[in-house]
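Look over the sequence and the structure below before reading on. The notes that follow are meant to be read with both in view.

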Amino acid sequence: MVRERSSGETVVDGETWAALYSGDTAHGLDVPGMLAMLLSPLAEGGVPVFVASTYNADLILVPRDRLEDAAGVLRATGHRVDL
């Protein structure tokens with residue numbers, strides 16, 4: 001079961017997950033491979049993910065206790081992460 005808390009965090013099967021949002025200015029909608037560019041380093045870093053994609057953006061959910069790890073992995077591969 002997936003549900004959102006009033007804090008904006010998401011709960012998946014009892015575990016709290018935090019969302020990394022690709023945002024309005026991260027890339028154009030016609031640029032292929034952007035989600036893969038984010039997911040590949042997270043997979044290599046052993047960070048679990050839950051992904052939801054919409055027409056406007058991609059949400060990458062990571063376990064709340066791994067948020068700093070995820071941010072560090074993405075920053076190390078050249079991505080900008082604002083927490």
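What follows is a short briefing, from the whole chain down to single residues.

This is a predicted model. The chain has two helices and five strands, arranged along the sequence as β-β-β-α-β-β-α. Of its 83 residues, 33% are buried.

**Confidence of the prediction**

- Averaged over the chain, pLDDT is 80, and 73% of the residues reach at least 70.
- Confidence is highest in helix H2, with a mean of 95.
- Strand E1 (residues 2-4) has the lowest confidence in the chain, with a mean of 52.

**The chain as a whole**

- The accessible surface amounts to about 5400 Å², and carbon and sulfur atoms contribute 53% of that surface.
- Among contacts with a separation of 6 or more, 48% are between residues 24 or more positions apart.

**Strand E5 and its partners**

- Strand E5 covers residues 58-63, and five of its six residues are buried.
- Which strands pair with E5 in the antiparallel sense? Strand E3 (residues 15-21) does so over five bridges, and strand E4 (residues 50-53) does so through four bridges.
- On the E3 side, Tyr 21 has Leu 59 of E5 as its bridge partner.
- On the E4 side, Ser 53 is bridged to Asp 58 of E5.
- E4 and E5 are joined by a hairpin of four residues.

**Helix H1 and Leu 39**

- Leu 39 belongs to helix H1, which spans residues 34-44.
- Is Leu 39 buried or partly exposed? Buried means under 20% relative accessible area; Leu 39 has a relative accessibility of 23%, so it counts as partly exposed.
- Beyond its neighbours within four places in sequence, Leu 39 is in contact with Val 49, Val 51 and Ile 60.
- One of these, Val 49, is ten residues from Leu 39 along the chain, and the C-alpha atoms of the two are 8.0 Å apart.

**Helix H2**

- Which residues of H2 are buried? They are Leu 67, Ala 70, Ala 71, Val 73 and Leu 74.
- Viewed down the axis of H2, these buried residues fall within an arc of 165°, so they line one face of the helix.
- Glu 68 and Ala 76 are exposed, on the other side of H2.
- The cover over the buried residues of H2 includes strand E3, helix H1 and strand E5.

**After helix H2**

- Gly 78 comes just after H2 and has a positive phi of about 95°.
- His 79 also lies in the segment that follows H2, a helix of residues 67-76.
- What does His 79 touch, leaving aside its neighbours within four places in sequence? His 79 is in contact with Met 37, Leu 38 and Leu 74.
- With Met 37 there is also a polar approach: a polar atom of the His 79 side chain lies 3.3 Å from the backbone oxygen of Met 37.
- Leu 74, another residue that His 79 contacts, is among the buried residues of H2.

Key:
Residues are numbered from 1 along each chain as its sequence is written. Side-chain values use heavy atoms; hydrogens and water are left out. A polar contact is a pair of N or O atoms within 3.5 Å; within protein, one must be able to donate a hydrogen and the other to accept it, and residues adjacent in sequence count only if both atoms are side-chain atoms. Contact means heavy atoms within 4.5 Å. Buried means under 20% relative accessible area, exposed over 50%, partly exposed in between (1.4 Å probe, protein chains only). Accessible areas come from the Shrake-Rupley method with a 1.4 Å probe; for residues, only the protein chains shown count as cover. Two strands pair if DSSP finds at least two bridges between them. pLDDT is the predictor's confidence in each residue, from 0 to 100. The arc is that of the directions from the helix axis to the C-beta atoms.
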